[in-house]
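User: I would like to learn how to read a pocket and a buried side chain in a model such as this one. Could you take me through it step by step?

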Amino acid sequence: MEYQQLAPFPQDFLWGSASAAYQIEGAYQEAGKGQSVWDQFVRIPGKTFKATNGDVAVDHYHRYQEDVALMARAGLKAYRFSISWPRVLPTGRGTVNEEGLAFYDRLIDELIANQIEPIVTIYHWDLPQALQDEYGGWESRQIIPDFTAYAALLFERFGDRVRHWVTLNEQNIFITHGYLTAEHPPAVMDAKRTYQANHMANLANASVIKLFHEKGYQGGNGPSFAYSPTYALDADPVNQIAADDAEQLNANLWLDIYAWGRYPKLILNYWAREGLLPDITAADQALLQDPLARPDFMGLNYYQTTTVTANPLVGGVGLTKQNTSGKKGTSQASGVPGLFKTSDNPYMQQTDWDWNIDPEGLRMALRRIESRYNLPVLITENGLGAYDRLEGAGEVHDEYRIVFLKAHIQAIQEAITDGVTVIGYTTWSFTDLLSWTNGYQKRYGFVYVDRDETDEKELNRYPKDSFYWYQRVIRSNGQQLN
């Protein structure tokens with residue numbers, strides 16, 4: 001649908017940026033913090049690019065005031081960050097680490113003092129190692145009361161100042177990469193365990209949202225989903241069926257549970273046929289379908305779309321590893337035999353990590369969420385990972401990032417004109433940070449942090465050209481994109 005004139009962004013639109021505790025904070029053994037599963041996982045040879053870790057990351061723990069001052073200078077209206085579970089509960093439950101809570105008190109207060117709204121992610125992948133060791137983390141039902149108690153601690157401590165809460169960040173990623181492809185902790189490759197752990201995460205998410213609503217905390221609460229809408233390569237009906245298979249297995253499997261409390265029937269049939277059904281009790285179904293467990297908004301992390309074709313059951317392509325090297329063109333087709341396999345899309349360019357660049361896909365994602373679930377959307381991540389170069393004068397000329405973000409913001413405005421309710425847009429990320437398995441070479445931020453995989457240097461901060469561009473976008477409430 002084309003328009004002669006686009007609707008404006010809402011006056012209270014939350015223009016911001018985002019981060020995750022493990023990727024920016026550092027201070028991994030300071031002030032009473034316990035170990036997370038990532039603190040151990042990164043020590044496994046070959047799991048991360050050049051054995052990078054988050055021990056120091058970009059030292060946000062010690063430099064948060066400097067970083068918030070830069071956010072204020074950029075004009076951010078909101079900042080989404082995660083709280084490190086083992087920093088506030090070193091063993092995952094029980095004894096509270098007051099020093100950890102005090103750090104987030106200071107961060108939240110600093111943001112508010114600079115007119116920046118804090119958006120808090122309760123879980124962004126850093127499960128306390130103690131819980132993994134004790135009962136297997138997300139595979140155990142014990143994670144449900146433990147995660148709920150952890151969330152309750154945060155609601156009580158910070159709920160007077162925080163209006164938007166994200167329960168789980170990219171459940172689809174930390175579960176599949178952790179249990180299906182072994183690219184994340186706990187480094188398992190077992191489809192049965194994947195869907196059992198995923199079911200436990202669904203119950204934990206529902207339990208926390210239900211508690212939030214029962215207690216009547218201010219604001220809203222919802223999960224953040226990494227959504228890559230699926231296209232068929234062409235109009236061949238078998239490829240269209242493959243695209244629907246992929247959409248149901250990779251998207252509806254999670255989104256339907258969040259919004260409706262039930263799994264797609266196609267997926268239940270697939271699980272039963274393959275012997276992959278998780279243990280679903282009557283009590284589980286009651287919790288998932290409880291109206292109080294429905295999210296107030298859907299968090300959307302959008303980076304790319306996926307294009308697929310049919311994939312034969314016999315001799316078909318299985319799952320392959322993602323490109324973590326940054327060598328363009330090294331990704332291979334990946335899929336599920338009998339369902340789908342990925343394919344190059346001739347209409348799109350790719351990043352150096354072989355991610356499709358597709359701004360219209362963001363509009364598609366927003367429209368699909370609106371039409372299927374009728375929920376407001378908070379865009380919790382969107383950005384370009386790229387090689388940035390620091391020039392001698394402390395400048396970074398990242399016009400490619402400006403082009404990327406401009407096109408995606410235009411797509412958001414088109415979706416708003418379509419009738420989608422979009423609460424805000426928090427880009428990934430504000431400063432450069434550790435890109436989990438990709439090291440420090442894959443940069444996303446508006447602010448360059450001078451370090452690399454082998455040298456922490458002085459960790460100096462340098463605003464990029466995109467920093468000043470985003471400043472103008474925010475100041476004009478999205479009217480000035482050049």
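Analyst: What follows treats a pocket and then a loop residue. The model is predicted, so local features need pLDDT of at least 70 and side-chain atom pairs count only at pLDDT 80 or more, while totals for chains, interfaces and linings use all residues. Residues are numbered from 1 along each chain as its sequence is written, and side-chain values use heavy atoms, with hydrogens and water left out.

User: What is the volume of the second largest pocket, and which residues lie nearest its centre?

Analyst: Rolling a probe the size of a water molecule over the atoms shows where empty space is left. A pocket is an open set of points on a 1 Å grid over the protein atoms alone, where a 1.4 Å probe fits, with protein on both sides within 12 Å along at least five of seven lines; lining residues have an atom within 4 Å of a point. Points are joined across faces, edges and corners, and a volume is the space filled by probe spheres set on them. Here the volume is about 240 Å³, and of the 14 lining residues, Gln349, Gln350, Ile357, Leu384 and Tyr400 lie nearest the centre.

User: Which helix gives the most to that lining?

Analyst: Helices (H or I, at least four residues) are DSSP runs, numbered from the N terminus. H14 gives the most, with four residues.

User: Is Gln304 buried or exposed?

Analyst: Buried means under 20% relative accessible area, with a 1.4 Å probe and protein chains only. Gln304 is at 17% and therefore counts as buried, and its side chain reaches the backbone nitrogen of Asn356 at 2.9 Å.

Terms used: Helix = DSSP H or I, 4+ residues; strand = E, 2+ residues; numbered from the N terminus. Buried < 20%, exposed > 50% of the residue type's maximum accessible area, 1.4 Å probe, protein only. Polar contact = N/O pair within 3.5 Å; in protein donor to acceptor, adjacent residues only side chain to side chain.
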